[in-house]
Amino acid sequence: MFLSPFLARNRYPCVIESTGPQAALQRSDAVKTQIREMLAQYASLPSAAGLDDDADLYAAGMSSHGSVQLMLALEDTFDVEFPDNLLNRKSFSTIAIIEQTVNQLVAGKEAA
Amino acid sequence: MDVALNAQGSTLLERARRVAGIAGQHADDVDRNARFPREAVDALISERLLSIQIPVTLGGEGATTAQIAEACTVLGQACSASAMVFAMHHIKLSSLVTHGSDSPWHQSFMRRIVDEQLLIASATTEGGIGGNMRNSICAIEVDGDTCRLQKDATVISYGRHADAILITSRAHPDAVTTDQVMTVFTKDQYTLERTNEWDTLGMRGTCSEGYLFKGEAPKEQILPKPFAEIAAQSMLASSHLLWGGVWYGIAVNAMTRAQAFVRAAARKSPGQTPPGALHLAEASSLLQQVRANVTAGLARYEAALAEPELLSSMGFSVAMNNVKLAVSRTVPEIIDHAMQITGIMGYKNGTPFSLGRHLRDAQSAQLMISNDRILANTSNMLLVNKIETNLLG
């Protein structure tokens, strides 16, 4: 996995361990909060805290450089690696899509 | 090249060659006087080559990017400026065809391009943002059914000679600089006030002057997709591949001249290998690299066209960026070899082996979208995108 020099792994509280539908919902919200914080910190999107889950991040001002910095932060925080087939505009276009993708990657890692 | 015949029974290649014949006659004058290649563009119009990319359903010929790139190479061997005007026109058309096919206004505009053989320019650079076309300062203002735009467009290639301009701006006055749209304005809908001259080292005939653009048009002329998508899905690939076709053509013509020089020397002294022959061999290897890069890029683009997600993937962007980098760096090297072969005859203007224009025109390749900017963009993507490990994709 790629270790970004300016990030310490798992700096966010670990929220992906509980189970059950209610827990899944809470977990999803917590991941989205983390994504919003990372968007603000690494993708130059200070407005991220106020963005809807389905808001277009590119329209909100995320650059391609910012999206790569976000990916690196996500890879480091969740200890996952984005496969090349997910490295496209759509996969990083909204907070909801990013959250789904991260959850899939984390689930895939745990299943492996 | 897979070509259909037109009504007169000519292939696309034959039509492009006829235009090249005319473009070549005026290339030196176009270059010397930094004037628009009017004769070549008139020939493109009479051969109806300005609308070949438009889908057959809208009256065009549905030419592929590979076919258009081949025409760019044919023209590039005769007159770089004419070839570049042709390439840039078709880069704009690729945006219209890819992103305007569901919009009634843009459909009817494409029919107009076919019927009237309109020449389309674009205005993506702006004073105050440097060369980064993915940022705009100016914003389009929609007022009822009308949109208005004013832009300090530091470069509009052949702007004065175009029939319409595709122009980028922020999507609305409150939008961030990267939230952009692209709008079509036809000639009767804008004014251009010249702000910059175009007196350059090469590519002089593209007349890429700067203008203050002021336009007003019905709002349905705004393309219905964000410019970020247009840039990623049609402009990136068509720019690098069609420019690649032009630059390859320039290199081919330099090599043709160099080879003629070597062969003439060889005929004069049979049994002896002329001194330039080794340079020719060296340069032919470089020429093959350029050709392989462009054709592989074209094949990859055609394959990706069926999958919009692949088109906007990082792997695809890296590949297209690499085509541009390699071709733009190698073509001047090839011309330099050709110059070593032809010596003073290549250095002088007005000989059958003259290479000054080729050398000057080819220098633009590394600057039109600066290679440094492209390297920065690629290096960012390579922080996450993996190196391709297989040979055949």
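User: Which domains of chain B does the lining of the largest cavity draw at least three residues from?
Analyst: In this predicted model, domain 1 (12–118) and domain 2 (121–221) of chain B each give at least three residues to that lining.

User: Which residues are they, and which elements do they sit on?
Analyst: The lining consists of A27(B), V30(B), D31(B), C79(B), S80(B), A81(B), M203(B), R204(B), G205(B), R357(B) and D361(B). Two or more of the lining residues come from each of helix 1 (12–33), helix 4 (80–99) and helix 11 (356–363) of chain B, and helix 1 of chain B has the largest share, with 3 residues.

User: How much space lies in there, and what's the lining like by class?
Analyst: The largest cavity holds about 50 Å³ of space, and its lining comprises 5 nonpolar, 2 polar and 4 charged residues.

User: How many cavities of 30 Å³ or more does the structure hold?
Analyst: There are 2 cavities of 30 Å³ or more in the structure, and the second largest has about 30 Å³ of space.

User: OK, what lines that second one?
Analyst: Its lining is made up of G76(B), Q77(B), A78(B), C79(B), S80(B), I250(B), N253(B), R357(B) and H358(B), which by class are 3 nonpolar, 5 polar and 1 charged.

User: And which helices and domains supply it?
Analyst: Helix 6 (227–268) and helix 11 of chain B contribute at least two residues each to the lining of the second largest cavity, while at least three residues come from each of domain 1 (12–118) and domain 3 (227–381) of chain B.

Terms used: Residues numbered from 1 in each chain as written. Chains lettered and ligands numbered in written order. Predicted model: local features only at pLDDT ≥ 70, side-chain atom pairs only at ≥ 80, totals over all residues. Heavy atoms only, no water. 1 Å grid on protein atoms, 1.4 Å probe; cavity = no way out; pocket = protein on both sides within 12 Å on 5 of 7 lines; lining within 4 Å. Points joined across faces, edges and corners; volume = space filled by probe spheres on them. Helix = DSSP H or I, 4+ residues; strand = E, 2+ residues; numbered from the N terminus. Nonpolar A, V, L, I, M, F, W, Y, C, P; charged D, E, K, R; others polar. Domains from an automatic or database assignment.
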